[in-house]
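Here's a quick tour of a small sheet and one of the pockets in this model. Grab your viewer and follow along.

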Amino acid sequence: MLAHLGYPLYLGPMLGTCKLAAALVFLMPGYRLLKEWAYAGIVILFMGGFASHLLVGDGPGQFIWSFLFGMLAIGSWVLRPATRVVKAFNTVAQETYSHPVNFLCAQRVVGLLCGDDQAAKATVAQLAAEAGLTPLDGGPLCLAKSLESFADLVRYLMIDGGQGVYLTIG
């Protein structure tokens with residue numbers, strides 16, 4: 001079919017390979033940006049196919065599948081689960097964890113965390129508490145960069161400021 005429209009014969013297998021690659025990306029955990037590109041490519045591919053069928057005068061039997069798969073891709077994007085990312089545990093030196101949990105609890109060693117998903121933040125806060133930290137909500141994920149800066153400050157005070165490896169906020 002592609003050959004009679006003036007397309008090279010290798011275009012069909014190439015598009016099939018792209019569809020397969022996109023499907024594999026959708027199944028992989030993580031890789032958010034790659035998934036966004038794969039979704040964009042699939043939507044463009046199927047909706048472009050739909051438009052092409054319409055332009056050459058094909059009937060509904062020809063264009064319905066491109067349209068339906070394009071709509072499924074859009075629906076899959078809209079209904080995808082939210083990203084569950086929590087930034088935590090980088091504002092406390094690793095040496096702090098060598099102390100018993102009850103000692104850390106008594107010292108009220110604070111573990112800062114940032115994230116947008118409240119359930120995920122609650123899970124991470126529970127993990128921090130089990131490690132002996134006092135979890136402190138640092139706000140939404142967009143503020144996670146602030147935790148990086150804070151961790152840099154803590155490391156500076158520990159090393160260059162001579163405060164030692166057990167410096168924390170508490």
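Helices (H or I, at least four residues) and strands (E, at least two) are DSSP runs, numbered from the N terminus. The model is predicted, so to speak of local features takes pLDDT of at least 70 and side-chain atom pairs count only at pLDDT 80 or more, while totals for chains, interfaces and linings use all residues. Residues are numbered from 1 along each chain as its sequence is written, and side-chain values use heavy atoms, with hydrogens and water left out.

Start with the sheet: it is open, has three strands in the order β1-β2-β3, and its pairing is mixed. Strands count as paired if DSSP finds at least two bridges between them. β1 (86–88) and β3 sit at the edges with a single partner strand each, so one side of each has no neighbour in the sheet. Here are the two pairings.

| Strands | Sense | Bridges | Example partners |
|---|---|---|---|
| β1 and β2 | antiparallel | three | lysine 87 and cysteine 114 |
| β2 (residues 110–115) and β3 (residues 134–137) | parallel | four | glycine 111 and proline 135 |

Helix α5 (residues 118–130) joins in too: β2, α5 and β3 form a right-handed β-α-β unit (right-handed: with the strands pointing away from the viewer, the path from the first strand over the helix to the second runs clockwise).

Now the pocket lining. α2 (32–55) and α3 (60–78) each give two or more residues to the lining of the second largest pocket, and α2 supplies the largest share, four residues. A pocket here is an open set of points on a 1 Å grid over the protein atoms alone, where a 1.4 Å probe fits, with protein on both sides within 12 Å along at least five of seven lines; lining residues have an atom within 4 Å of a point.
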